[in-house]
Amino acid sequence: MDFSTKLIDAKSNFTTSKTACIVVGVFENKKLTPEAEALNTQGAISSAVKSGDISGKTGSTLVLRNVAGISAERVVLVGLGKETKLSNTAFGKVAQATAQCLATLSAADALITIATYAENNNAAIRSLVLAIRATAYRCDSLKSKPDVITTGVKKVVFTVNKNEQAATRLSLAQSSALANGIALTRQLADLPGNFCTPTHLAETAKKIAAEFGLSSEILERKQCQALKMGSFLSVTSGSDEPPKFIILKHLGGKAKDAPVVLVGKGITFDSGGISLKPGAAMDEMKYDMGGAASVLGTMRAIAELKLKLNVIAVIPSCENMPSGRATKPGDIVTSMSGQTIEVLNTDAEGRLVLCDALTYVERFKPAAVIDIATLTGACITALGHHNSGLFSRHDAAHDTLANDLLAAGIDTGDTAWRMPIGEQYNDQLKSSFADIANIGGPAGGSITAACFLERFTRQYTWAHLDIAGTAWKSGANKGATGRPVSLLTTYLINRTAD
Ligand code: BES
Ligand code: MN
Ligand code: ZN
């Protein structure tokens, strides 16, 4: 995508800035920031603010054209609220509003001076880059005529204090790699099941590997059979699409450093199988590879950044379909771990593909394993659409991992909320005929799903993100969100700082 960013000194003379659009801040007490004051050579800015056309509250915006005495074609006033530095969350709202305003303008470039009013300048610039890139995202590759877009900025210039230039340049590079990762995740997730097949996900992994010098390996059905992945293979049995078990390695750390392993649920369509889902909104089950998409987007982001860390992505991918060969309720399958599983509901398939992947990754002797999955409708009931569900064992090592993930989420506005797991819930997974049942009843559905996965993760430190409520939006603005790529990428970047 043709989008570029640049930094200039915060002490520049903005009256002579030749730009299609200069973005300056105003406060809700009607005071102007020094940058707005500098453009107020003939009183146009102060009179606009006094008129009340902009409230100055966080997220308010007003566009002024032909402001006398300055070189910029437009001035965009952005409300910064009270005259105190903005928190990450408050600035996120400002960034969103700024991006939405810029997206409506026929201005090719913008000079943005408001990031210095955030508590964390670099986080503010990241919010702006992500928000502006998000407004430019379209999924129109399958329309016979692509959407015609004539608005939106292609080049953004940020102001930075002289002594912060180096740090901000790095942060800008991270933001743009992150934006590229998010865009890939959204594209993959929005692509329907007849295009985004397991084979397509495998091809995408290979493409990322070729572009950024990573190594990839795709295990075919035969190889999965040889590895005794009976649980994963039981999910694909009703489908005519070949399953793919995808491995993608970014080895940017030292050879001896234990890797972080990301495991993404890659169900490219979840019909429910023989336990068929109801028809309403079944189309949205094309998003059931959202975990896989977020893992690939994260790998793209860290590969572009040449992150000095070993990260391995593992994606068990297949369709969940009904057919004469499909797994039936009551069938018992043997997982790669040797544990037998009674499949009481074929729609609880995510845990069946993940458990074999979680056993497979033991060979990497991981420092940590994080699985990401659109796993349960129950997680939406519990947490709604604001937070991903975070599950991890309750001991010191896991608390550290969980807290690091939560912090990375807060940092980027891609938040998660920790949920409990443990012995009391485990009892719900008892089976009369196998080692474990694949459902635990309606009570605490997202928790019993996590408890199921936990049984396969005892060899390493592990966390599970249930992104059923956060990976996409339903309704009129249906579409993938790119979550939790920001959380994951930031977590990995932060790990390199230790
Ligand atoms: N992919 C779904 C979970 C899901 C449903 C995510 C709706 C987002 C929106 C998963 O495979 C599933 O079907 N889970 C079942 C589990 C149940 C059968 C125990 C569910 O949540 O209903
Ligand atoms: Mn399902
Ligand atoms: Zn599913």
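**Close-up 1. Who holds the zinc ion (ligand 3)?** In this predicted model, the zinc ion (ligand 3) gets its protein donors from Lys265 (NZ), Asp270 (OD), Asp288 (OD) and Glu349 (OE), which sit 2.0 to 2.4 Å from it. Count up the donor atoms and you get 6, with angles of 79 to 176° among them, and the site is octahedral. If you want to find the donor residues of the zinc ion (ligand 3) along the sequence, look for the spacing K-x4-D-x17-D-x60-E.

**Close-up 2. The zinc ion (ligand 3) and its partner, the manganese ion (ligand 2).** These two ions are 3.1 Å apart, and Asp270 coordinates both. The pair ties together distant parts of the chain: Lys265 belongs to the loop between β9 (260-264) and β10 (266-270), while Asp288 belongs to the loop between β10 and α9 (290-304), 23 residues apart.

**Close-up 3. Helix α4 meets helix α5.** Here we've moved on to two helices, α4 (residues 121-136) and α5 (residues 165-190), whose axes come within 9 Å and cross at roughly 30°. Angles under 35 degrees count as roughly parallel, so α4 is roughly parallel to α5. As for handedness, the crossing of α4 and α5 is right-handed.

**Close-up 4. The residues where α4 and α5 touch.** On the α4 side, the contact is made by Asn121, Asn122, Ile125, Arg126, Val129, Leu130, Arg133 and Ala134. On the α5 side, look for residues including Ala167, Thr168, Ser171, Leu172, Ser175, Leu178, Ile182 and Arg186. Sort the residues of the contact of α4 with α5 by type and you'll find 10 nonpolar, 7 polar and 3 charged.

Notes: Residues numbered from 1 in each chain as written. Chains lettered and ligands numbered in written order. Predicted model: local features only at pLDDT ≥ 70, side-chain atom pairs only at ≥ 80, totals over all residues. Heavy atoms only, no water. Axes fitted to C-alpha atoms, helices over the stretch in contact; angles between N-to-C directions. Helix = DSSP H or I, 4+ residues; strand = E, 2+ residues; numbered from the N terminus. Parallel < 35°, antiparallel > 145°, perpendicular 65-115°, else oblique. Left-handed = near helix turned anticlockwise from the far one by under 90°. Contact = heavy atoms within 4.5 Å. Nonpolar A, V, L, I, M, F, W, Y, C, P; charged D, E, K, R; others polar. Donors = N, O, S within 2.8 Å, 3.2 Å for Na, K, Ca; no water. Tetrahedral: all angles 85-135°; square planar, octahedral: opposite > 155°, others 65-115°.
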